[in-house]
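Work through the following exercises with the sequence and the structure open beside you. Each task is followed by a solution that goes step by step.

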Amino acid sequence: MTTLSNHVPDPRLITAFAERRDGPLHRVNPWTKVGVVGALVLAVTVFDRLALLAGLYGAVLVVYGLAGLPYRRLAGWYTLPMLFIVSVAGPLAFLEPGTPIGGALPTPLGELSVTWAGLVLFAELSCRSLTVVTFALTASMTTKYTDVAYMLGRLLPRPIDQIALLTYRFTFVMIETLEDLVKAALSRGANFSEFWSNKRLYARILGMTMLSAIEQSERLVKSMEARGYNGDITLYGDVSRPPIHELFVVIGSYVAVVGYAAVAVYGVGL
Amino acid sequence: MAHIHLGEGSFPLWALVLWTLLGVGLISAVVYRVRKGGIKTHQIALAGIGAAASFAIFQLNIPVWGGIHMNLTGLVGILAGPLLGALIALVVNIFSAALGHGAVGLLGANTLVNASEAIVAYYAFKTLMGMDWDVFPASASAATLGLSAGAFLMGAIIVISGVNGSALPRGDLTIAVAGLVGLNLGVAVIEGILTGFIVQFLASVRPDLVGLADRDTQEEPTGVTA
């Protein structure tokens, strides 16, 4: 049966964790979290040793746990990132030159084997990807709706900020619309288990979701214009600057990553 | 958005900078065109809620090959046009990255891929409708074409960039990536057919949305409910 997927994070659940829980990371300034995400992206891009990447991933996993977030759900949410890793790194594990692990399998196209270098590459790419995925989810699950909306309004240029704010607001509405349409079809005896024999049903549900979105946007236009919309959706929240000790953590992260990259990766002499 | 996203840290630093700059360039050009033309309130509302719908549809598991997810980027391009379609692709990528789907550092590359899907689908649909094709074959072909363009661009981006930490020569990498592109082309056909049925359905209830009737003649909403 097709339902809304449980291996894609549900934005409603993510927001519920941010609004209802109160872990140590909930009290960290949202700008600090954005800064750390940037430092992690840089780190997983320039770090070149599996031990270092695995250590970084382990540290992020610990932070996720300290924030009071559930590991079991995280394992389910890894499905899609792992699919991306397997789709790129899977073939590379076989093609990467190096010493084969446990001999080679003869095929009509030649010998097929996973090499040690291929295995290390697969592990490296997994650690790189999952480190940032885990911290992005940690940041999303510990930052309140109003703070995210405020930062979207500050970070993005107009009109992208307006579009992003409306998207954020209406994502929850559209998911419920889609869920209602699926439930309604199921209650009328629909069967979603096979795509090809039900392709018109899928098209009708997805079409109605888009149609609902378009008609909501038309109603929204009237209410926005009635309130004198002039290209600015006013945000009432405020996210203050990070406190000095958090600022030191962010700056320290960048200095450590850039320093390591300069010395160990690019060979800059001290 | 039938393609498989590129994982974080897959590319070396120079490639990350290159694709980010190209992505920023594309979005800057789109924003400039949008601002120059004077964006209307209904365009902002359509783009915002259209992106929300695209993001919501991604939550649905389609039972093909064990389960696939779609954002219907081709459909978004056909309905919203190339400029708004590109902005929607960016916004959906930002929200996806925040939920661990896609990559924060590869927002530029992913936006290039998805924007190309929306832009190609829009122009292909307009061209085919101009040649008097019926709605279903025109929209199915346009979406398939757009998604295929995105799949090839994604493959090209990976081959040009190389994979971080891999010693594989570009020729062998091309072979590895060809399988990935082939898989995406298969999904593109499925998503294209689904897009065709959706556009056919939309044309039957709101022909103005796909340019088959004057938008001003549409007086009452269809009142979609479950």
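**Exercise 1. Spans of chain B listed in a record**

Task: For residues 44–62 of chain B, find what share is helix and how far apart the end C-alpha atoms lie.

Solution: In this predicted model, residues 44–62 of chain B are 74% helix and 0% strand, and 29 Å separate the C-alpha atoms at the two ends. The span comes from an unreviewed UniProt entry, which lists residues 12–32, 44–62, 68–92, 104–125, 145–163 and 175–203 of chain B under "transmembrane region". Another span from that list, residues 12–32, is 95% helix and 0% strand, with its end C-alpha atoms 30 Å apart.

**Exercise 2. The make-up of chain B**

Task: State how many helices and strands chain B has, and what percentage of its residues count as buried.

Solution: Begin with the secondary structure, where chain B shows 6 helices and 0 strands, so that its elements, read from the N terminus, are α-α-α-α-α-α. Turning to burial, 62% of the 226 residues of chain B count as buried. As for contacts between residues at least 6 apart in the sequence of chain B, 74% of them join residues at least 24 apart.

**Exercise 3. Two residues of chain B**

Task: Decide whether B:Tyr32 is buried or exposed, and do likewise for B:Asp132.

Solution: First locate B:Tyr32, which belongs to helix α1 of chain B. A residue is called exposed if 12 or fewer other C-beta atoms lie within 10 Å of its own; B:Tyr32 has 10 such atoms and is therefore exposed. Its C-alpha atom is 19 Å from that of B:Asn114, a residue 82 positions away along the chain.

Next take B:Asp132, in the loop between α4 (107–130) and α5 (135–161) of chain B. B:Asp132 has 7 C-beta neighbours inside 10 Å and so counts as exposed. The backbone of B:Asp132 also deserves a look, since phi is positive there, at about 65 degrees, although the residue is not a glycine.

**Exercise 4. Where the chains touch**

Task: Find how many residues each chain gives to the contact, and which element of chain B supplies the largest share of its side.

Solution: The contact takes 83 residues from chain A and 74 residues from chain B. On the side of chain B, the elements that give two or more residues are α1 (13–37), α2 (41–57), α3 (73–98) and α6 (170–205). The largest share of that side, 15 residues, comes from α2(B). Sorted by kind, the residues on the side of chain B are 52 nonpolar, 19 polar and 3 charged.

**Exercise 5. The overall form of chain A**

Task: Work out why chain A is described as more spread out than a compact globule.

Solution: Start from the elements, for chain A has 10 helices and 2 strands, in the order α-α-α-α-α-β-β-α-α-α-α-α from the N terminus. The radius of gyration of chain A is 23 Å, whereas the globule rule gives 18 Å for 270 residues; because the value is well over that figure, the chain is more spread out than a compact globule. Along the principal axes, the C-alpha atoms of chain A fill a box of roughly 65 × 60 × 35 Å, and 36% of the 270 residues count as buried.

The domain assignment divides chain A into domain 1 (22–141 + 240–270) and domain 2 (145–238). The centres of these domains, taken over C-alpha atoms, are 32 Å apart.

**Exercise 6. Spans and local features of chain A**

Task: Determine the length of helix α9 of chain A, and find which residues a cis peptide bond joins.

Solution: Helix α9 covers residues 199–226 of chain A, 28 residues in total, and reaches 40 Å from its first C-alpha to its last, close to the 40 Å expected at 1.5 Å a residue. After α9(A) comes A:Gly228, which has a positive phi near 75 degrees.

The cis peptide bond joins A:Arg158 and A:Pro159, with omega at about 5 degrees. A:Pro159 lies in the loop between α7 (145–155) and α8 (160–187) of chain A.

Finally, the unreviewed UniProt entry for chain A lists residues 34–67, 74–94, 114–137 and 247–268 as "transmembrane region". Among them, residues 74–94 are 95% helix and 0% strand, with end C-alpha atoms 28 Å apart, while residues 114–137 are 92% helix and 0% strand, with end C-alpha atoms 32 Å apart.

Technical notes:
Residues are numbered from 1 along each chain as its sequence is written. Chains are lettered from A and ligands numbered from 1 in the order in which they are written. This is a predicted model: local features need pLDDT of at least 70, side-chain atom pairs count only at pLDDT 80 or more; totals for chains, interfaces and linings use all residues. Helices (H or I, at least four residues) and strands (E, at least two) are DSSP runs, numbered from the N terminus. A residue is buried if 20 or more other C-beta atoms lie within 10 Å of its own, exposed if 12 or fewer, and partly exposed in between; C-beta atoms are placed from the backbone. Domain bounds come from an automatic or database domain assignment. The expected span of a helix is 1.5 Å times one less than its number of residues. Two residues are in contact if their C-beta atoms, placed from the backbone, lie within 7 Å. Ala, Val, Leu, Ile, Met, Phe, Trp, Tyr, Cys and Pro count as nonpolar, Asp, Glu, Lys and Arg as charged, and the others, Gly among them, as polar. UniProt positions are given in the numbering used here, feature names are shortened, and annotations may be inferred rather than shown by experiment. The radius of gyration is taken over C-alpha atoms; the globule rule is 2.2 Å times the number of residues to the power 0.38.
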